[in-house]
Amino acid sequence: MDRQVHKKVCNINFSLFSPKQIMDLAAAKVVTPELYDREGYSVDGGLMDIRLGVIDPGLRCKTCGQKLKECPGHFGYIELARPVIHIKFVRQVLDLLKSTCKYCGQVLIPENNISKFTDVFDKVGKEEGFEARRRKIKEVVNKFKTKEKCPHCEKKQEKIKIEKPYTYYESDLRLSPIEVRARLEKVPSEDLKIFGYVEGFRPEWMVLTVLQIPPVTMRPSITLESGERSEDDLTHKLGDIVRINQRLFENINAGAPEVIIEDLWDLLQYHVTTFFDNAVSQLPPARHRGGQVLKTLAARIKSKEGRLRHNLAGKRTDFSARTVISPDPFIDLNQVGVPLSMSMNLTVPERVTEWNKEYLLKFVKNGPKKYPGANYIIKPDGKRKSITEDTQEEILEELEEGYLVERHLLDGDVALFNRQPSLHRMSMMCHKVKVLPGKTFRLNPAVCNPYNADFDGDEMNLHIPQNDEARAEAKILMLVDTQIISPRYGLSVVGCIQDAITGNYLLTKELVLSRAEATDLLYNCGVTDLSPLPKKEKVDGSEVFSVLLPNDFSFIGKDKSGNDVKIVNGKLKSGYMDKSNLGQESGLMLRNIYEKYGPAYTAELLGKISKLGISVLARRGFSIGIGDMDLPLETQDEIRATVKKSEDEALKIIDEFYAGKLDALPGRSVAETLELNVLGALNKARNKSGDIAMKQVQNSAAITMARSGARGNPLNIAQMTAVVGQQALRGKRIESGFKNRTMSYFGNKDLSPKARGFVKNNFKSGLTPAEFFFGAMTGRDALMDTALRTPKSGYLYRRLSNALQDLKVEYDGTVRDASSRIVQFSYGEDGLDVSKTKNGVVDVKSVIQNVIGASK
Amino acid sequence: MKAEHTKIINSYADKLPPLVLKTVEEEVPGNISASNLSKIMEGVIAAYKYAEVHPGESVGLVGAESIGEPGTQMTLNTFHLAGVAEVQVTTGLPRIIEVFDARKEIKTPMMEIYLKSPHNKNMEKVRKFAANIKEMKFEEFVSEYSLSIFDQTLKVVLNKGLLDDNALVAKDLIKLIKTKAKGFNLTSQNEEILFTHKGKTEEIKDLYAIKEKIKDVKVGGVKGLKQVLPVKRNEEYVVLTSGNNLKDVLALPEVDSNRTTSNDIYEIYKVLGIEAARQAIINEVYKVVESQGLNVNIRHIMLVADVMCASGVVKGVTRYGVVSEKASVLARASFETPLKHLFNAALEGEVDDLTSVVENVMINQPVPIGTGLPGLITKMK
């Protein structure tokens, strides 16, 4: 049934082509710079010869007989009229010329030393790796480069110099590539070992006599709208080479003067050089007529947009989608809402069997336009058939076991969901599809954190795995449930956020509900078993919350303000639910539930808790306004007094400084001491007034959110209600922007708080223009910092992942790299997987508690 | 803790890592019965087994992610003033990059010098010790230079107060700068040193050159220690320095060589060896991560440190360091400088055995890591 042939590439060899190999491999010899004849067909012996592969639909390759997309293309060659140096081997050729005898061609080392050195190389290579070997070879070669007499034929050697990029001189006499090649030919193969070259390699290959022509498929021409053909950069460059080459041939045959031949030869060398690398520093790059630089071979391989990093190490896929995301707290944690229109384009292949034929026929009957339908069927021979109104009847009849039906996405299908930048493995998790109306992806806000997503226009990608192996792997290894615990620190990365936290906080802290309200809430978040709810008319919020917890769950921890949180047998006895227990990146409660009840249960519970919190807020109502920033008059006075006191203190320090009474701190100058002291005094002002503001009895929404940890912190509140505080630039107060002053508005050498960036007002009362400007300064600095940091940390990450990517734990528990070198004998010295630990340690305490608890 | 308990716990030494055993010892209540203790030990073993890494786990990439991901959250502020009176240090992302690059010249070299027990209690003594190890240059003692064009002499007036503080006289300084000042006659008079030409050459240029030359002559202290600062830490006084010279400082008799450290990885490697360098990398990176309020498990940092030190010398996580040692041509080429790697590979006839990750991604084969590691063969009847 399946005609899969499994072949595995087991290794890749790197070596240089010899001229003979190039000719043997070639499908055609290129002799004319013309590309097409008058009818528009490619010329035989031209660069677009159809023996080199086809790029036009309908044509067949003359070499392999295959059509477009089937024929991989074939190499050709040009016979160069005169040899040229390969630009990438200029160094090697120079080394060889310098260290071999001009007359006998042997290396300038006495015979018996060669084997001695090669032994040393092998030993170094074995013990310290190829990199060290390469260094050793360089060292040895450098030593013999400067010898003046050949030890074999006793003749004196001349000095060889290079004029970059590719002209060699011997005692001021130019060595033509022909001479260079002749020299290299003389070097005996046995002597080459000392340079570390591979067996069978001949150095004269580095001087080109034939040039390999890449297949047409590698440099396809584009037909413009006007019907004109636009050739690839490589074809242009090759055209130049062929043209000059032909002229050189003609001139040589016609016996033209040596000067003309030399000139043409140089030009040929230039063209061949830029064909390989158009960014040689001493050469002007070859350009298009418009002045645009040609992109030739080296540029195609190099850099992020090059073949290696763009096409080989990174790939694009079918069966993927991308759109804006929006939140939906009422879908499960591990679901993703997929727009209906998308689900009719993304498909899942399903094989027709005896048992599911009826089921699959339903999809085919619906066709591509009706959901849930199918878009294609694939016959056992691999032929793909589109389901249209015309073909539908035929396909319905034809469909039998062994066919594949590409059906539309259904609820419950497995999908991979991803947001860039994919900085850790939780950036790509497996979700289960839920087809929804609308045009955006929907996700549960609780999983925002691992993706680092928000809903201000973020887009995310969705991929649909296409075979069972991929689906199984995604579901078992990548499902959101299994990724709850971060491998970075062993705590949960998903958790309630924002409203869900506030809601639960209010619920457990102060709400008392009627039984009807309580049941309504619980039903709303998917609880059907209400038996744990106490049979009372009025129910406490904490009792409602306890209904969600499993009966045998006990937990002792701390809440955000440091009070004990106690859960005994599934009942919340004391403490409030806030960020430190429900939130992400904290909270051992979720971690404990995960350990005891497993991933799936935790995900479900988290979903319920989150829904409960949101429902509570929806029913109770929760809103923030400018009135939340109001402080009682006495508090305002108190704050004003504190700020004034700190300001006075700062002014006193400044006076002391001017009076010369300030003592310098050790290791500091007096001026620095002044700055530090003043900064300290002013920061104290803000912290103190922040505390005062937070202490106010009024329970505004802002304070509730800050206390529960849902949003905001005391500092934010203090800045809004009390005082914004000192603006610091690089850890210091704001220094001069003008001469001796921060703004023209202030006096000369004014060191007082208000002239150096102290913002006395708060955001509600409004800032003075000077204060606002200071705020803008620190704001700009922060923006700059982020902009500079992102690429730096990105590069660090790339380097780290490149260096460490092939480390893995072996079956014996050791950590080894790709060449089986041991890096660690036991991972992390104790062999623990961080994602299975609690914050990196084995939880001995709970084991002890279990044993003791059980025996009691 | 009863002896009997210790015996039971220690009998598990080959099954559990020492740290876990230690926590058990600390956490177990003293009155526990032997049978319950064995039950606990079994439970701990089960918990430990559960938390062990699975073969094939791609620990390298997880480590790289764990350090790379919070990198975006770190501050870039190079200078961070820890407390009121401490030495300036590079922190945050720049410091992490510096450590992972294994730079030989670091931006802010620093040392923490701990002193042995009798020397570390008295603030005055510590301050004196600190003043003694601070490198002092000739320049610092000079209050005035005067070059006389007519007499062709250079007169250096020294700062008397400073000389007295250090119990030096002009003659002592002459001894130190003599070797630098060949071709000159040096005479001293009170706090003045006079330079006169020995021979006939009368070039004012030479005098100027000598003036610049003698400025850098070390007069006292330990070379490289530019600033010293005694600080109280817990119950003792510690000397923080900017600039470092581990080798010379460790040789001083008052210094506690077990605790004294430098923040220069390369220096530690040279003075104390590769294992110390590895520990230094872990400490330095962990310190930064912690100071930024990030939670990164130490195992990830250890792994990077081990990779950097695995070859016996400290190699940076750069194209010249760790990455250049990879066996695979394609893996190296896909990182940086691809052409160089490809051409070298061709000349030397390298073979890529496709044992690591990127090469297999390139040719669309499963990678030999994680679920790609085991091979399954169906037994055909």
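**Exercise 1. Domains**

Into which domains is chain B divided?

*Solution.* Domain bounds here come from an automatic or database domain assignment. Chain B is divided into domain 1 (3-51), domain 2 (136-220) and domain 3 (326-372). The C-alpha centres of domain 1 of chain B and domain 2 of chain B are 71 Å apart.

For chain A, the assignment gives domain 1 (31-74 + 214-309), domain 2 (86-203), domain 3 (320-483), domain 4 (499-620) and domain 5 (627-782). Taken over C-alpha atoms, the centres of domain 2 of chain A and domain 3 of chain A are separated by 61 Å.

The following conventions apply throughout. This is a predicted model, in which local features need pLDDT of at least 70 and side-chain atom pairs count only at pLDDT 80 or more, while totals for chains, interfaces and linings use all residues. Residues are numbered from 1 along each chain as its sequence is written, and chains are lettered from A and ligands numbered from 1 in the order in which they are written.

**Exercise 2. The overall form of chain A**

Determine how spread out chain A is.

*Solution.* Begin with the secondary structure: chain A has 25 helices and 31 strands, where helices (H or I, at least four residues) and strands (E, at least two) are DSSP runs numbered from the N terminus. Next, consider the radius of gyration, which is taken over C-alpha atoms and set against a globule rule of 2.2 Å times the number of residues to the power 0.38. For chain A it is 38 Å, well over the 29 Å that the rule gives for 856 residues, so chain A is more spread out than a compact globule. Along the principal axes, its C-alpha atoms fill a box of roughly 110 × 95 × 65 Å.

Finally, examine burial. A residue is buried if 20 or more other C-beta atoms, placed from the backbone, lie within 10 Å of its own, exposed if 12 or fewer do, and partly exposed in between. Of the 856 residues in chain A, 38% are buried.

**Exercise 3. The contact between the chains**

Describe the side of chain B that touches chain A.

*Solution.* Two residues are in contact if their C-beta atoms, placed from the backbone, lie within 7 Å. The contact takes 97 residues from chain B and 87 residues from chain A. Helix H4 (residues 59-68) of chain B supplies the largest share of the chain B side, ten residues. By type, that side holds 56 nonpolar, 27 polar and 14 charged residues; Ala, Val, Leu, Ile, Met, Phe, Trp, Tyr, Cys and Pro count as nonpolar, Asp, Glu, Lys and Arg as charged, and the others, Gly among them, as polar.

The chains also share a strand pairing, which requires that DSSP find at least two bridges between two strands. Strand E1 (residues 12-13) of chain A pairs with strand E13 (residues 351-352) of chain B in the antiparallel sense over two bridges. Here Asn13(A) stands opposite Val351(B).

**Exercise 4. The surroundings of helix H4(B)**

Is helix H4(B) largely enclosed or left open?

*Solution.* Ten of the ten residues of H4(B) are buried, so the helix is largely enclosed by the rest of the structure. Among them are Val59(B), Glu65(B) and Gly68(B). Their cover includes helix H24 (769-804), E29 and E30 of chain A, together with helix H14 (298-309) of chain B.

Two of these covering elements, E29(A) and E30(A), belong to an open antiparallel sheet of three strands in the order E29-E30-E31 (chain A). Strands E29 (808-809) and E31 (822-824) of chain A stand at the edges, each with a single partner strand, so one side of each is left without a neighbour in the sheet. Two bridges join strand E30 (residues 815-816) of chain A to E31(A), and Arg816(A) has Ile822(A) as its bridge partner.

**Exercise 5. The nonpolar cores**

Which residues touch the most other members of the largest nonpolar core?

*Solution.* A nonpolar core is a set of buried Ala, Val, Leu, Ile, Met, Phe, Trp, Tyr and Cys residues joined through C-beta atoms within 7 Å. In the largest core, of 181 residues, they are Val44(B), Val304(B) and Met308(B). Helix H19 (residues 588-620) of chain A gives the largest share, eleven residues. Leaving aside neighbours within four places in sequence, Val44(B) is in contact with residues including Val842(A), Val844(A) and Leu16(B). A second, separate core of 76 residues includes Ile22(A) and Tyr166(A).
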